Each structure stands twice: as structure tokens, then as C-alpha cells.
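Thanks for making time this morning. I would like to take you through one model, moving from the overall chain to a few individual residues, and I will give the cut-offs as we go.

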Amino acid sequence: MISLTDTQKIGMGLTGFGVFFLFFGMILFFDKALLAIGNVSFVAGLAFVIGLERTFRFFFQKHKMKATGFFLGGVFVVLIGWPLIGMIFEIYGFFLLFRGFFPVVVGFIRRVPVLGSLLNLPGIRSFVDKVGESNNMV
């Protein structure tokens with residue numbers, strides 16, 4: 001079992017609440033209050049889990065500046081009241097920021113019994129294979 005500090009436990013909770021509020025805000029037709037709470041909770045939780053310095057270094061690497069601009073710009077656009085446009089920016093920035101983790105996630109999910117068989121269905125397999133390629137790091 002991985003031992004977590006109290007700060008990391010708080011961060012996991014904030015990140016979980018952030019994802020929940022983001023999902024719930026999108027389900028409720030892009031409710032800007034829920035999306036704003038989700039955005040702030042997600043970013044704060046990430047900072048609690050990995051630390052402020054590592055969060056800053058992750059977001060502001062030279063090759064990730066475009067992705068960071070879209071992600072944080074989307075957060076700002078949601079906070080000023082345009083949730084649909086902001087979420088489009090955020091999702092694009094999220095995929096650019098975290099695309100290096102997708103091959104790891106796809107490899108893990110393929111080992112899960114039921115989910116692995118779902119990923120091997122004909123229509124889904126080609127999409128998952130494309131997402132799971134590790135040569136799209138740049």
C-alpha cells in the first residue's frame with residue numbers, strides 16, 4: 001500500500017471533488033458555478049498531491065506552454081462566465097498536457113478483465129490504439 005501524507009490525502013479529496021463537479025457541471029448543461037468549483041478544486045488538489053513546486057514545473061515546461069495556455073485559459077473563461085467555450089479550451093489543453101500519460105493508462109486498462117475486453121471491440125480498438133501510441137509525446 002502506498003502511504004500518503006495528510007496533505008496528499010487532502011489533495012486526493014480535492015482532486016476527486018474537482019472531477020466530480022466538472023462531470024456534474026457538464027451533465028447539467030454546463031452549469032458555470034459547478035464547473036468553476038470543479039476547476040478550482042482540481043487544480044488545488046493537484047497542487048496538494050504533488051506539491052506547489054512540482055505543479056508549477058509541470059505546467060510551465062517550455063514544450064507544454066501551449067497546452068498550459070489552453071488549459072488555464074479555459075479555466076479563466078469558465079470563471080468569467082462562458083462555460084461551453086471554456087470547457088472546449090480546457091479539454092483541448094488537458095489532452096495536450098496529459099497525453100504522455102495516456103499510453104500508461106491504456107496499458108493498465110487493457111489488463112483489467114472486463115474493461116480490457118471492451119477496449120478490444122472493433123470500433124473502439126482502433127481509437128484506443130491511436131490514443132495509446134507512445135510516439136506522440138511532442
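I will begin with the ground rules, then describe the whole chain, and then turn to aromatic pairs, two helices and some single residues.

Please keep in mind that this is a predicted model, in which local features need pLDDT of at least 70 and side-chain atom pairs count only at pLDDT 80 or more, whereas totals for chains, interfaces and linings use all residues. Residues are numbered from 1 along each chain as its sequence is written, and side-chain values use heavy atoms, with hydrogens and water left out.

The chain holds 8 helices and 0 strands, where helices (H or I, at least four residues) and strands (E, at least two) are DSSP runs numbered from the N terminus. Along its principal axes, the C-alpha trace spans about 40 × 35 × 30 Å. Of the 138 residues, 29% are buried, and here buried means under 20% relative accessible area, exposed means over 50%, and partly exposed is in between, with a 1.4 Å probe and protein chains only. Among the contacts with a separation of 6 or more, 51% come from residues 24 or more positions apart, a contact being heavy atoms within 4.5 Å. The chain exposes about 9,400 Å², and carbon and sulfur atoms supply 75% of that area; the areas come from the Shrake-Rupley method with a 1.4 Å probe, and for residues only the protein chains shown count as cover.

Let me move to the aromatic side chains. A search of the whole structure finds 15 aromatic pairs, where rings of Phe, Tyr and Trp (its six-membered ring) pair if their centres lie within 6.5 Å, with planes under 30 degrees apart counted as stacked, over 60 as edge-to-face and the rest as tilted. In one of these pairs, the ring centres of phenylalanine 70 and phenylalanine 89 are 5.8 Å apart and the planes stand at 70 degrees, so the arrangement is edge-to-face. That pair links distant parts of the chain, since phenylalanine 70 belongs to helix H4 (residues 65-80) and phenylalanine 89 to helix H5 (residues 83-98), 19 residues apart. Phenylalanine 70 is partly exposed at 28% relative accessible area, and phenylalanine 89 is partly exposed at 33%. A further edge-to-face pair is made by phenylalanine 94 and phenylalanine 95, with ring centres 6.0 Å apart and planes at 75 degrees. Phenylalanine 94 and phenylalanine 95 also belong to one aromatic cluster, whose other members are Phe42, Phe58, Phe59, Phe71, Phe98, Phe101 and Phe102.

Two of those cluster members lead us to helix H3 (residues 52-59), whose buried residues are Thr55, Phe58 and Phe59. Which side of H3 do they occupy? They cover an arc of only 90 degrees around the axis, which puts them on the same side of H3, the arc being that of the directions from the helix axis to the C-beta atoms. On the other side of H3, Glu53, Arg54 and Phe56 are exposed, while the buried residues of H3 pack against H2, H4 and H5.

Helix H6 (residues 102-111) can be read in a similar way, with Phe102, Pro103 and Val106 as its buried residues. Those residues cover an arc of only 100 degrees around the axis, which puts them on the same side of H6. The face turned away from that buried side carries the exposed residues Val104, Phe108 and Arg111, and what covers the buried residues of H6 includes H5, helix H7 (113-119) and helix H8 (122-131).

Now for some single residues. Serine 41, in helix H2 (residues 32-50), counts as buried at 13% relative accessibility, and it touches Leu14, Thr15 and Gly18, not counting residues up to four places away in sequence. Leucine 72 is found in helix H4, and its C-alpha atom is separated by 7.1 Å from that of glutamate 90, 18 residues apart along the chain.

Finally, consider the loop between helix H1 (6-27) and H2, where phenylalanine 29 is found. Most residues other than glycine have a negative phi. Phi of phenylalanine 29, however, is near 60 degrees, a positive value, and phi of phenylalanine 30, in the loop between H1 and H2, is also near 60 degrees. Phenylalanine 29 is exposed, with a relative accessible area of 77%, whereas phenylalanine 30 counts as partly exposed at 28%.
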